[in-house]
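Trainee: I have a structure to learn. May I ask how its labels are justified?
Mentor: Go ahead. Here it is.

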Amino acid sequence: MEIAGKVAIVTGAGAGIGAALAYRLVAGGARVVAADLDADSVAKVAADLGDQAIAVGGDVADERVVAELIATAEREFGPVDLYFANAGIGGGPGLDSTEAQWASTIDINVMAHVRAAKLLVPGWLERGSGYFVSTASAAGLLTQIGSAPYSVTKHAAVGFAEWLSVTYGDKGVRVSCLCPMGVDTQLLTDALIPDNPQAAALAIKAVKTAGAVLSPEEVADTVVEAMAAEHFLILPHPEVLQMYRNKGSDYDRWISGMRRFQTMLRA
């Protein structure tokens, strides 16, 4: 997959990984519709990118907003080639997470991906090509200490990306799943668990202790490199692969190790 000349939609593009992806895609010759709930932030990103990018504000968990993104891309640039389902939220802590926290986290971290695929995949099948990039997390392969909704929904995002690739990969629909650990974004610094400082501190400490915290730009570069090779798993932190192998080879041992890690973080 080469990004030059392609039309892309990037959600969560007002800051962080999404903004970095938008910049990297335009630098590589793509045209981008950048979307974010924060309309002002994403407008600034698009303005900085010039006539190769357009901003659309809105909640990308809403299928009507995704339909608007696709229509805008087709009207301004042409058929959508690449979709980056990057918008995401942290959610609540553990069993005390509210029904509303669970619902909103499922909606944006999982169902936004499903709704986008429902709108895009039929057209990609007709054209014989398309690329869906899901931003999940290393938490979707491992787990997230401190936040049940985040961990569960990121597992689900990985599962949906897998299903999408298995079901349509032989029909021209390429799929990649981005699973980083720590990235220097607002989600890590103050939004992973927004209303519970104690749980948030534990979750953030877990991420920062596990490995290096990368810049969004480093992650965006890794995404484009992995897409060129059409890899399913995109791992900006390569050590995640070995962690995942360890988990699969001895699940009980891995869970015991995670319990010890959690106890150490709380000390």
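Trainee: What makes R174 and E230 a salt bridge?
Mentor: This is a predicted model, and in it the closest N and O atoms of R174 and E230 are 2.7 Å apart. The cut-off is 4 Å between a side-chain nitrogen of Lys or Arg and a carboxyl oxygen of Asp or Glu. The pair R174 and E230 therefore counts as a salt bridge.

Trainee: Where do R174 and E230 lie?
Mentor: R174 is in strand 6, residues 173–178. E230 is in the loop between helix 8 and strand 7. They are 56 residues apart, so the salt bridge links distant parts of the chain.

Trainee: Why is R174 called partly exposed?
Mentor: Its relative accessibility is 27%. Buried means under 20% and exposed means over 50%. R174 falls in between, so it counts as partly exposed. E230, at 38%, also counts as partly exposed.

Trainee: How many salt bridges does a search of the whole structure find?
Mentor: Seven. One of them joins the side chains of D221 and R24, at 3.2 Å from N to O.

Trainee: Which parts of the chain does the pair of D221 and R24 link?
Mentor: D221 sits in helix 8, residues 216–229, and R24 in helix 1. The two are 197 residues apart.

Trainee: What class of exposure do D221 and R24 get, and why?
Mentor: D221 has 35% relative accessibility and counts as partly exposed. R24 has a relative accessible area of 27% and is partly exposed too. Both values lie between the 20% and 50% limits, which is why neither residue is called buried or exposed.

Trainee: How do you know that E63 and K118 form a salt bridge?
Mentor: Their side chains meet at 3.9 Å, N to O. The limit is 4 Å, so the pair qualifies. E63 lies in helix 3, residues 63–76, and K118 in helix 4, so the pair ties together parts that are 55 residues apart in sequence.

Trainee: Buried, exposed or partly exposed: what are E63 and K118?
Mentor: E63 has 31% relative accessibility and counts as partly exposed. K118 has a relative accessible area of 54%. Exposed means over 50%, so K118 is exposed.

Trainee: At what angle do helix 3 and helix 4 pack?
Mentor: The angle is about 40°, with the axes 9 Å apart. That makes helix 3 oblique to helix 4.

Trainee: Why is helix 3 oblique to helix 4?
Mentor: Roughly parallel needs an angle under 35 degrees, and roughly perpendicular starts at 65. About 40° fits neither, so the pair is oblique. Helix 3 passes helix 4 in a right-handed crossing.

Trainee: Which residues meet there, and of what class?
Mentor: E63, V66, A67 and I70 in helix 3 meet R115, A116, K118, L119 and L120 in helix 4. By class, that contact has six nonpolar, no polar and three charged residues.

Trainee: What makes helix 4 roughly parallel to helix 5?
Mentor: Helix 4, residues 99–127, and helix 5, residues 148–168, pack at about 15°, with axes 8 Å apart. Angles under 35 degrees count as roughly parallel, so helix 4 is roughly parallel to helix 5. Their crossing is right-handed.

Trainee: Which residues of helix 4 and helix 5 meet?
Mentor: On helix 4 they include W102, I106, H113 and L125. On helix 5 they include P149, Y150, F160 and Y168. By class, the contact has 16 nonpolar, four polar and one charged residues.

Trainee: Why are helix 1 and helix 2 called roughly parallel?
Mentor: Helix 1, residues 16–27, and helix 2, residues 39–49, pack at about 15°, with their axes 11 Å apart. That angle is under 35 degrees, so roughly parallel is the label. The crossing of helix 1 and helix 2 is right-handed.

Trainee: Which residues make the contact of helix 1 with helix 2?
Mentor: A19, A22, Y23 and V26 in helix 1 meet V45, D48 and L49 in helix 2. By class, there are six nonpolar, no polar and one charged residues.

Trainee: Why is K6 called partly exposed?
Mentor: K6 has a relative accessible area of 22%. Buried would need under 20%, so K6 is partly exposed. K6 lies in the segment before strand 1.

Notes. Residues numbered from 1 in each chain as written. Predicted model: local features only at pLDDT ≥ 70, side-chain atom pairs only at ≥ 80, totals over all residues. Heavy atoms only, no water. Axes fitted to C-alpha atoms, helices over the stretch in contact; angles between N-to-C directions. Helix = DSSP H or I, 4+ residues; strand = E, 2+ residues; numbered from the N terminus. Parallel < 35°, antiparallel > 145°, perpendicular 65-115°, else oblique. Left-handed = near helix turned anticlockwise from the far one by under 90°. Contact = heavy atoms within 4.5 Å. Nonpolar A, V, L, I, M, F, W, Y, C, P; charged D, E, K, R; others polar. Buried < 20%, exposed > 50% of the residue type's maximum accessible area, 1.4 Å probe, protein only.
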